[in-house]
Amino acid sequence: PSAGTLFALLVTLVHAPGMRVPRDTLLPLLWPEQPRARQGANLRQALYKLRRLGVRVSLAGDHVVLDRAQVVSTFAGERT
């Protein structure tokens, strides 16, 4: 389950404008049944695990931010 949560967190960050997502958006999205204090602890643990894997992710105020320099786009798409 932990790996699925880490993947969901990364996908959410990559698809967010500027690769930053408000903390209040992530917490209920990733841990909907948990109390607020537990959600915050889970987020801190998930960020720690991502950093240990070499992902440059940080907190900037109330946003979780993924360093866009480490994301390489392999395709481009436009809305029609």
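Let's start with a residue on the outside: F7 is exposed, with a relative accessible area of 57%. This phenylalanine belongs to helix 1, and, like everything described here, its placement comes from a predicted model. Keep F7 in view, as we will come back to it after a walk through the rest of the fold.

The sheet is a good next stop. Here 3 strands make up an open sheet, arranged in the order 1-3-2 with antiparallel pairing. Strand 1 (20-22) and strand 2 (57-60) are at the edges with a single partner strand each, so one side of each has no neighbour in the sheet. On average, neighbouring strands are turned by 25 degrees against each other, direction ignored. If you look at how strand 1 meets strand 3 (residues 63-66), you will find antiparallel pairing over 3 bridges. One residue pair to pick out is V21 and its bridge partner in strand 3, V64.

Now add the helices around these strands. Helix 2 (residues 23-30) packs on the sheet and touches strand 1, strand 2 and strand 3, its direction making about 75 degrees with that of strand 1. Helix 3 (residues 36-52) lies across strand 2 and strand 3, and runs at about 140 degrees to strand 2.

What fills the inside? In soluble globular proteins, nonpolar side chains tend to be buried together. In this model the largest nonpolar core has 18 residues, and those touching the most other members are L9, L13, L26, L43, V57 and V64. Helix 1 (2-15), helix 2, helix 3 and strand 3 are the elements that each contribute two or more residues to this core. The biggest share, 4 residues, comes from helix 3.

L26 gives a good view of how these pieces come together. Setting aside neighbours within four places in sequence, L26 is in contact with L9, T12, V21, W31, L43 and V64. Two of these contacts will be familiar from the sheet, since V21 and V64 are the bridge partners we met above.

To finish, turn to N42, which sits in helix 3. Is this asparagine buried or exposed? Its relative accessibility is 15%, and because the limit for a buried residue is under 20%, N42 counts as buried. Not counting residues up to four places away in sequence, N42 touches W31 and Q34. That brings us back to our starting point: F7 and N42 are separated by 35 residues in sequence and by 14 Å in space, C-alpha to C-alpha. The exposed F7 and the buried N42 make a handy pair of landmarks as you rotate the model.

Definitions and conventions
Residues numbered from 1 in each chain as written. Predicted model: local features only at pLDDT ≥ 70, side-chain atom pairs only at ≥ 80, totals over all residues. Heavy atoms only, no water. Pairing = 2+ DSSP bridges. Axes fitted to C-alpha atoms, helices over the stretch in contact; angles between N-to-C directions. Contact = heavy atoms within 4.5 Å. Core = buried A, V, L, I, M, F, W, Y, C linked by side-chain atoms within 4.5 Å. Buried < 20%, exposed > 50% of the residue type's maximum accessible area, 1.4 Å probe, protein only.
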